[in-house]
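Colleague: Could you take me closely through one part of this model, and then set that part in its wider surroundings? I would like one connected account rather than a list.

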Amino acid sequence: MSRTIMFVFAHPDDETFTSGGTILELAQQTDTKTVLYSATPGDAGKCGEPPLCTPENLASTRRKELQTAAKLLRIDQLVIDDFKDGKLNELPSGVLKNEVLKQIHIVKPEVVVTFPPHGLSGHSDHKAIQQATLEAVQDSSSGVKELYYTTFPQSLAKETGNPAFSDPDETISLVKSFSQDHMNEVKEALLAHKTQHLSVERVFPTIIEDTAFMKFNNKEYFIRAWQHPQYNSDPLLT
């Protein structure tokens, strides 16, 4: 049975930071279509050090970076919206939810993946896209069967110092492990976000070292946050 899995985030690079290994793994499955929706082009981010573009050109530069990363992760469909970076929580009520729902109607995913309520970093955009996505998938017209949050267990966050927010270990529904070769491909996707290299290097210091790249023990973690009341089969994000 074919399936479509949609990843919904706020900025370019959110996808690779949180679930790049999972996206790549799913894309390698012939019966699975992967879709990425980014609510903003990341126009309020950094331009790099030294700057790789002007602030005025940052949005277009980050669009291109995300397009490159999406190809490396073999994402089937990419949508980059025009909402202002850093302003998602200031949108009128329902605007972001309705846009996510519109994309869901177009894509028709069985599974949607987004941030947890705390947004991992606490970023207001991350929390806004989570709330909008939850409301969208719960809409009676969405057709979505399951919603997952990409997260980190508290034990790992305590060990590594990242991210700023995490969830209790016992709430984790799914842990996906990846080979080093697999993670090397994710490394290239992270490096594609060139303007954001300071953030990438801060979170993943081994990315600039000669030692093997390590992305949180080469594991990614998910919470099965919601499922349609009429859907009671095995989890679809496997």
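Modeller:
**H118 and the sheet**

A polar atom of the H118 side chain lies 3.4 Å from the backbone oxygen of S166, a polar contact being a pair of N or O atoms within 3.5 Å of which, within protein, one must be able to donate a hydrogen and the other to accept it, while residues adjacent in sequence count only if both atoms are side-chain atoms. This is a predicted model, in which local features need pLDDT of at least 70 and side-chain atom pairs count only at pLDDT 80 or more, whereas totals for chains, interfaces and linings use all residues. Residues are numbered from 1 along each chain as its sequence is written, and side-chain values use heavy atoms, with hydrogens and water left out.

H118 is buried, with a relative accessible area of 17% (buried means under 20%, exposed over 50%, partly exposed in between, with a 1.4 Å probe and protein chains only). Leaving aside residues up to four places away in sequence, H118 touches K127, T151, F165, S166 and D167, where contact means heavy atoms within 4.5 Å.

In the chain, H118 belongs to the loop between strand 4 and helix 4 (124-138); helices (H or I, at least four residues) and strands (E, at least two) are DSSP runs, numbered from the N terminus. Strand 4 (residues 111-114) runs parallel to strand 5 (residues 146-151), and four bridges join them, two strands counting as paired if DSSP finds at least two bridges between them. In this pairing V111 stands opposite E146 of strand 5. The open sheet has seven strands in the order 3-2-1-4-5-7-6, with mixed pairing. Strand 3 (77-80) and strand 6 (174-177) stand at its edges with a single partner strand each, so one side of each is left without a neighbour in the sheet.
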